[in-house]
Amino acid sequence: MQNPPARFRIAIDARRIVRRMSGIGHYVFQIARWMVQLAPDFEVNLLVDRKAPEDKVPAGCRAVVFGSYLGDGTVWAKLYSPFWLNFYVPSYVAQANIDLFHGANFVLPLRLPCKTVATVHDISFIHIPHAYGRIYRRYMVMQTKRSLRAADAVIAVSEKTRDDLIKVFRAEPKRVTVIPNGIGEEFRNDYDQDYLSKVRAQLMLPERYILHVGVVEVKKNIGVLLQAAAPLIKRGLVDGVVLAGRDGLGADKIRGLANKLGLGNRAHFLGFVPQELLPGVYNLANAVVFPSLYEGFGLPVLEAMACGTPVITSNISSLPEVAGDAALLVSPNNSEELKQALERVLTDERLRASLREKGLTRVQEFTWEKTAAKHIEVYRRVLAGDNV
């Protein structure tokens with residue numbers, strides 16, 4: 001009788017799936033979801049610091065809870081995070097005979113009795129230092145250096161991020177594999193009118209609007225977006241600008257600028273938007289603008305394209321790599337250039353149709369199934385002891 005294939009025990013730092021899910025949370029959820037389907041010999045354990053709702057744990061995965069969650073943003077929570085990582089995780093990994101641990105958000109425990117993989121999403125703390133606190137910057141520099149040195153393999157989400165790791169942190173090129181993110185199947189352009197009307201009513205969206213999706217913070221460069229949008233709103237080309245995302249560093253100043261520009265209630269700060277409503281917000285927008293100063297990837301660009309909405313984004317960092325020829329690229333520091341691009345998108349239907357068609361073609365290259373399959377390849381090489 002033939003022996004069953006060996007099973008590999010995989011553990012992933014999945015703390016982001018039990019918070020309000022943003023980019024990294026969705027990344028962890030999706031690679032775990034597809035991994036159990038594509039690699040039945042993998043036992044996927046999602047390590048969390050509080051009980052995970054059932055809908056946050058993909059079928060076939062197991063959530064492992066240890067420690068005592070202390071809340072987001074508090075001093076104790078920030079101190080507790082490295083304690084959780086360096087005390088609870090190694091203990092569990094040893095006890096459960098884990099074969100591979102994946103630090104899905106930069107950091108790895110100091111010592112682990114198994115193979116390790118680390119994902120680096122960006123190094124914005126280097127490129128935009130004023131967007132972060134001094135202690136956080138030092139912590140991230142230290143952790144990134146350590147993870148690059150300790151990991152058996154490193155995953156970067158874009159060629160730009162890989163280049164940054166090699167140039168800034170002197171990472172060994174052959175050990176850094178680029179695996180682009182995917183986009184969820186919920187981002188599409190065929191929703192019925194009932195759903196779209198429900199989203200518009202629930203979020204009180206204006207009839208015609210420019211959309212930004214992401215944390216309301218300094219590095220997203222929202223001030224330049226507001227400066228570019230204000231004259232177009234006053235001319236009546238569009239009714240307002242909608243900002244979908246929680247407040248981050250500098251949010252008060254951004255709100256103050258909106259008032260100073262005379263936007264008043266024409267600037268709609270939605271806060272965190274649940275995933276079930278977000279596709280509708282994209283679909284209803286006249287244009288999506290993502291003028292970020294630095295991104296390791298830039299998921300909102302692809303999410304907007306998948307919803308058939310024209311995109312304008314920055315011509316720096318990873319954003320041209322992600323957008324390809326399916327978006328208008330502008331200098332993020334030039335509000336006049338952005339205003340002119342916006343005016344073109346809002347008034348030129350042929351351009352809108354071209355961007356829509358190119359965007360819908362572009363997004364077919366980015367699926368979470370492909371992303372997970374490439375992660376599995378990296379895992380298998382590491383587990384086999386091959387150089388990555």
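Trainee: Why does tyrosine 132 count as buried?

Mentor: This is a predicted model, and tyrosine 132 has a relative accessibility of 17%. Buried means under 20%. The value falls under that cut-off, so tyrosine 132 counts as buried.

Trainee: What makes tyrosine 136 partly exposed?

Mentor: Its relative accessible area is 42%. Partly exposed runs between the buried limit of 20% and the exposed limit of 50%. Tyrosine 136 sits in that range, so the label fits.

Trainee: Why are tyrosine 132 and tyrosine 136 called an aromatic pair, and a stacked one?

Mentor: The centres are 5.5 Å apart; the limit for a pair is 6.5 Å. The planes meet at 15°, and stacked means under 30 degrees. Both tests are met, so the pair is stacked.

Trainee: How many aromatic pairs does this rule give?

Mentor: The count is 15. One of them joins phenylalanine 106 and phenylalanine 125.

Trainee: Why is the pair of phenylalanine 106 and phenylalanine 125 called edge-to-face?

Mentor: The ring centres lie 6.3 Å apart, with the planes at 65°. Edge-to-face needs over 60 degrees. The angle passes, so the pair is edge-to-face.

Trainee: What does the pair of phenylalanine 106 and phenylalanine 125 tie together?

Mentor: Phenylalanine 106 is in the loop between strand E4 (100-103) and strand E5 (115-120), while phenylalanine 125 is in helix H3 (residues 124-127). The pair therefore ties together parts 19 residues apart in sequence.

Trainee: Which residues do ring pairs link into a cluster?

Mentor: Phe66, Tyr80, Phe83, Trp84, Phe87, Tyr88 and Tyr92.

Trainee: Is phenylalanine 106 buried or exposed?

Mentor: Phenylalanine 106 has 7% relative accessibility. That is under 20%, so phenylalanine 106 counts as buried.

Trainee: What is notable about phi of phenylalanine 106?

Mentor: Phi is near 75°, a positive value in a residue other than glycine. Most residues other than glycine have a negative phi. Methionine 204 also has a positive phi, about 55°, and is not a glycine. Methionine 204 lies in the loop between helix H6 (193-203) and strand E8 (209-213).

Trainee: Why does methionine 204 count as exposed?

Mentor: Its relative accessibility is 65%. Exposed means over 50%, so methionine 204 qualifies.

Trainee: Now the whole chain. How many helices and strands does the chain have?

Mentor: There are 14 helices and 13 strands.

Trainee: What makes the chain as compact as a globular protein of that length?

Mentor: The radius of gyration is 21 Å. The globule rule gives 21 Å for 388 residues. The values are close, so the description holds. Of these 388 residues, 55% count as buried.

Terms used:
Residues are numbered from 1 along each chain as its sequence is written. This is a predicted model: local features need pLDDT of at least 70, side-chain atom pairs count only at pLDDT 80 or more; totals for chains, interfaces and linings use all residues. Side-chain values use heavy atoms; hydrogens and water are left out. Helices (H or I, at least four residues) and strands (E, at least two) are DSSP runs, numbered from the N terminus. The radius of gyration is taken over C-alpha atoms; the globule rule is 2.2 Å times the number of residues to the power 0.38. Buried means under 20% relative accessible area, exposed over 50%, partly exposed in between (1.4 Å probe, protein chains only). Rings of Phe, Tyr and Trp (its six-membered ring) pair if their centres lie within 6.5 Å; planes under 30 degrees apart count as stacked, over 60 as edge-to-face and the rest as tilted.
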